[in-house]
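Thanks for coming, everyone. I'll take this one quickly, contacts before overview. Here is the structure.

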Amino acid sequence: MEYKIVGEPMPVAIVELAKGESIKTQRGAMSWMTPNLKMETNAGGGIGKAFGRLVAGESMFQNVYTAEGSDGMIAMASSFTGSIRAYEVTPSDPIICQKSAFLAATMGVDLSVFFQKKFGAGFFGGEGFIMQKLSGNGLVFVEIDGYAIEYDLAPRQSLLVNTGNIAVMDHTCSIDVEQVKGAANVLFGGEGLFNTRVTGPGRVVLQTMTLSGFASQIAPYMIAGKN
């Protein structure tokens, strides 16, 4: 399997499949493909795993595309302005992603729900109590809102991150929340009541845009347009 990612800020992952190779995608991810790709929709591991995907922000069902008779090609475009990143996961090195980050993966990758260990981090940390865990063995494509900035954190090294800007992190990283200090900062600073602290060791990928932030920016214009 070979791939290329082109076209930011509206990127597309173009994957070349050898004869007999397969790739699974989120619902509606396919943008174009060669005619020899066979599509099959299934629950991908049974009702339990399907329900876990639903809780993690994906469809209960997945589409599997297989190149039949010859090599094939499939293109999967991002659903929102931003980035697509490809990551290798192994049984010992899964990654944790924001909800709805999954775009596609090779057949050896599993998507499951990931609950924050600390309720406070989940409830106030911006990514919600629920995230996605991508594990197994293979290649996975994830969607990131806006531009992606990557940091490698040393043990106990931390970053304070605005709510919702954590897109991907290694499973070795941890997150917690910290309340913004000072009443004036909370009331007039525009940064909210909490920040998220992500601590290494491990890689963390931050996104420059969040869907909630984008929605809040365009909401006044949509309301004005209705009046």
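Let's start with one residue. Leaving out residues up to four places away in sequence, Glu 68 touches Asn 36 and Lys 38. Keep in mind that this is a predicted model. Where does Glu 68 sit? It is in the loop between strand S6 (62–67) and strand S7 (72–77). Glu 68 and Asn 36 are 32 residues apart along the chain, and their C-alpha atoms are separated by 5.6 Å. With a relative accessibility of 41%, Glu 68 counts as partly exposed.

Lys 38, one of the two contacts of Glu 68, brings us to charge pairs. Side chains of opposite charge can pair when their charged atoms come close. How many salt bridges are there? The count comes to four. I'll go through three pairs.

First pair on my list: Lys 38 and Glu 40. Their side chains meet in a salt bridge, at 3.2 Å from N to O. Glu 40 has a relative accessible area of 42%, so it is partly exposed. Lys 38 has 38%, so it is partly exposed too.

Next, Arg 85 and Glu 150. This salt bridge is 3.6 Å, N to O. Arg 85 lies in strand S8 and Glu 150 in strand S14, so the pair ties together parts that are 65 residues apart in sequence. Is Arg 85 buried, exposed or partly exposed? At 23% relative accessibility, Arg 85 is partly exposed, because buried means under 20%. Glu 150, at 37%, is also partly exposed.

Then Glu 178 and Arg 197. The closest N and O atoms in this salt bridge are 2.3 Å apart. Glu 178 is in strand S17 (residues 174–179) and Arg 197 is in strand S18, so parts 19 residues apart in sequence are tied together. Glu 178 is partly exposed at 31% relative accessible area. Arg 197 is partly exposed at 30%.

Stay on strand S18, which covers residues 194–199 and holds Val 198. At 0% relative accessibility, Val 198 counts as buried. What does Val 198 contact, beyond its neighbours within four places in sequence? Its partners include Leu 153, Leu 159, Val 161, Ile 166, Met 169, Cys 173, Ile 175 and Val 204. Gln 157, Ser 158 and Ser 174 are also in contact with Val 198. Take Leu 153: it is 45 residues from Val 198 in sequence, and 9.0 Å away, C-alpha to C-alpha.

Cys 173 was in that list, so a word on cysteines, with 2.5 Å between sulfur atoms as the cut-off for a disulfide. How many disulfides does the structure hold? Zero. Cys 173 is buried at 8% relative accessibility. Cys 97 is buried as well, at 0%.

Now the nonpolar interior. The largest nonpolar core has 17 residues. Which of them touch the most other members? Tyr 87, Ile 95, Leu 134, Val 140, Val 142 and Val 168. Six strands each supply at least two residues of this core: S8 (82–89), S9 (95–97), S10 (102–106), S11 (109–115), S13 (138–145) and S16 (166–170). S13 gives the most, with three residues.

Val 140 is a good place to look inside. Leaving aside neighbours within four places in sequence, Val 140 is in contact with Tyr 87, Val 89, Ile 95, Phe 102, Val 109 and Leu 134, among others. Arg 85, from our second charge pair, is also one of the contacts of Val 140. Apart from this core lies another, of 15 residues, among them Ile 23, Leu 37, Leu 139 and Phe 141.

One more buried residue: Thr 25, in strand S3 (residues 22–25). Its relative accessible area is 0%. Beyond four places in sequence, Thr 25 touches Gln 62, Asn 63, Tyr 65, Met 76, Phe 102, Leu 103 and Ala 104.

Outside, there is a nonpolar surface patch of about 290 Å², made by Tyr 147, Ile 149 and Tyr 151. Tyr 151 is in strand S14 (residues 148–153), and is partly exposed at 38%.

Last, the whole chain. It has four helices and 19 strands. Of its 227 residues, 43% are buried. Among contacts between residues at least 6 apart in sequence, 79% join residues at least 24 apart. The chain exposes about 11700 Å², and carbon and sulfur atoms supply 58% of that area.

Terms used
Residues are numbered from 1 along each chain as its sequence is written. This is a predicted model: local features need pLDDT of at least 70, side-chain atom pairs count only at pLDDT 80 or more; totals for chains, interfaces and linings use all residues. Side-chain values use heavy atoms; hydrogens and water are left out. Buried means under 20% relative accessible area, exposed over 50%, partly exposed in between (1.4 Å probe, protein chains only). Patches are made of residues with over 30% relative accessible area and no salt bridge: like charges are joined within 9 Å, nonpolar side chains (Val, Leu, Ile, Met, Phe, Trp, Tyr) within 5 Å. Accessible areas come from the Shrake-Rupley method with a 1.4 Å probe; for residues, only the protein chains shown count as cover. Contact means heavy atoms within 4.5 Å. A nonpolar core is a set of buried Ala, Val, Leu, Ile, Met, Phe, Trp, Tyr and Cys residues joined through side-chain atoms within 4.5 Å.
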